Amino acid sequence: MKTFLTFPKDFWWGSAWSAEQAEGKGDTGKAKTIWEHWYEQDPNRFYQGVGPEVTTDHFNRYQEDVALMKETGHNSFRVSISWARMFPDGGTGEVNQKAIAFYRDLFSRMNESGIKVFANLYHFDMPFALQEKGGFEAREVVDAYVHYASACFDAFGDQVYHWFTFNEPLGPILGGYLEDFHYPNLIDFKRGAQAAFYTILAHAEAIKAFKERDLDSKIGVILNLSPTYPRSQHPADLEAAEICDAFYTRSFLDPMVKGTFPERLTTLLSEYDQLPQVEPEELQTIKENTSQILGLNYYEPRRVKARLTAINEKGPFLPDWFFEAHDMPGKRMNIYRGWEIYERGIYDLCIDIRDNYGNIEAFISENGMGVADEERFMDESGQVIDDYRIDFIKDHLAYVHQAIEEGCAVRGYHLWTFIDCWSWINSYKNRYGLVSLDLKTQKRTIKKSGKFFKEMADQNGFAYEVTKLAGTKKGGN
């Protein structure tokens, strides 16, 4: 028997994307970003050679897109503001009035349509001129970021409902310094640790600047968080999971929410001489300026085991020295993205935040399912019949609902994404949107999931077979 799952009053229903993935270049003047530079240098690294020049052309179609937000049930939407658009000289000089006019009109139209503006200040799109100065390895880039953030607070403070300093700050560290999927494509943990520390400092310094302005909104950060599950209860597997969790979860979560760094991680990095340079006053700034709200991006769990093979100590220091990925037999997969589908993980994540981070006000800021070749599922009218996405949303939201029932301060759910958008080096290989995009014509068509999302938002819930929940108080073990 199905039960109607009703979410709290004023629950945030919406989705998210970023400037670099959706806007296109536009005509305001815009500094070159690291993605545009990398695409110029190495276009073969990008799926089917599609770069970030046009993407979803939101810059030229934002009026239509705001109408589509309303038509798909949005009462909130997370954008990112382009640092390179706001400061077309490369990130440090005079703010671009044309950029301000663009964003103010976009935000005005959203607010007039009853769509709260969730504004993220940084989503992987470093101006290339600042990357040439070292990116977030350089202390002067922290100052440039705070200059940019302050300009945004001043320009849009009356329009933005909630602010976020960074989206997934772990991503550029993994991709740029450890795993070669972001520019500058280095393999150097210690340099990555310095960039990570200065990113955390930039977060704190921006919050400090925000508090000086006495705005009505809140400010926080959006983190990609995956519960870490050990292969077994063997002590070696448990230790592997603890170390993995310190690297990938607590490394940003602790300082950005608690203002402190995880002792297990700092002790280990000290032992291997991988700690960044840190000044005492910087640690104090981080301690005094923490997130007021937290975005939780959840896609898949992390499963690990104790290492079975030896490490080549002549090779670069990496987190993998201390654990290996566990390929759990029988797991369900999104074969297109190569990610495990494990809905229970979103519940475990919410409980962790409730129990270990003061139950900070939070929301699901990204969750979604990328599928390739979705035109296979189009009906005669051109609508994508994506029942698989509807099931994915329901199954995850049922666990979110249960977490709320158990006291988690989760205020909303934002899907990744709104309209199919360009993805880092994968371009348009996998589609995530509630609205499909024809790349040749830029035509937008609401998918079946977009119609469902509108109905769900209007009803503030949906009918669900709650016996499907496993491992919670309601579902049992």
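This passage describes the barrel, the flanking helices, a smaller set of paired strands and the two largest pockets of a predicted model.

In the predicted model, eight strands close into a barrel, and they follow one another in the order β2-β3-β4-β5-β6-β8-β13-β15 with parallel pairing. When direction is ignored, neighbouring strands of this sheet are turned by 30° against each other on average. One of the pairings joins strand β8 (residues 293–297) to strand β13 (residues 362–366), which run in the parallel sense and are linked over four bridges; here Leu294 stands opposite Ala362 in β13. In general, the strands of a sheet pair through backbone hydrogen bonds, in either a parallel or an antiparallel sense.

Helices lie across part of this barrel. Helix α7 (residues 139–156) lies across β5 (162–167) and β6 (218–224), and its direction makes an angle of about 155° with β5. Helix α9 (residues 189–211) also lies across β5 and β6, running at about 165° to β5.

Packing between two helices is described by the angle between their axes and the distance between the axes. For helix α3 (residues 58–71) and helix α5 (residues 97–112), the angle is about 10° and the axes are 10 Å apart. Because angles under 35 degrees count as roughly parallel, α3 is roughly parallel to α5. On the α3 side the contact is made by His58, Phe59, Tyr62, Gln63, Val66 and Met69, and on the α5 side by Phe102, Asp105, Leu106, Arg109 and Met110. Sorted by class, this contact comprises seven nonpolar, two polar and two charged residues.

Further strand pairing involves β9 (residues 302–305), which pairs with β7 (residues 228–230) in the parallel sense over three bridges, with Tyr229 opposite Arg303. Strand β9 also pairs with β10 (residues 324–325), but in the antiparallel sense and over two bridges, and Glu324 in β10 is the bridge partner of Lys305.

Strands β9 and β10 appear again in the lining of the largest pocket, to which α8 (170–178), β9, β10 and β12 (339–340) each supply at least two residues. This pocket holds about 1,200 Å³ of space, and of its 42 lining residues the closest to the centre are Phe181, Asn224, Glu300, Arg337 and Trp339. By class, its lining has 19 nonpolar, twelve polar and eleven charged residues. The second largest pocket has a volume of about 510 Å³, and Glu375, Arg431, Leu437, Asp438 and Leu439 are the closest to its centre among the 23 residues that line it. The lining of this second largest pocket consists of eight nonpolar, six polar and nine charged residues.

Terms used:
Residues are numbered from 1 along each chain as its sequence is written. This is a predicted model: local features need pLDDT of at least 70, side-chain atom pairs count only at pLDDT 80 or more; totals for chains, interfaces and linings use all residues. Side-chain values use heavy atoms; hydrogens and water are left out. Axes are lines fitted to C-alpha atoms, for helices over the stretch in contact, and angles run from 0 to 180 degrees between N-to-C directions. Angles under 35 degrees count as roughly parallel, over 145 as roughly antiparallel, 65 to 115 as roughly perpendicular and the rest as oblique. Contact means heavy atoms within 4.5 Å. Ala, Val, Leu, Ile, Met, Phe, Trp, Tyr, Cys and Pro count as nonpolar, Asp, Glu, Lys and Arg as charged, and the others, Gly among them, as polar. Two strands pair if DSSP finds at least two bridges between them. On a 1 Å grid over the protein atoms alone, a cavity is a set of points where a 1.4 Å probe fits but cannot get out, and a pocket is an open set with protein on both sides within 12 Å along at least five of seven lines; lining residues have an atom within 4 Å of a point. Grid points are joined across faces, edges and corners, and a volume is the space filled by probe spheres set on the points.
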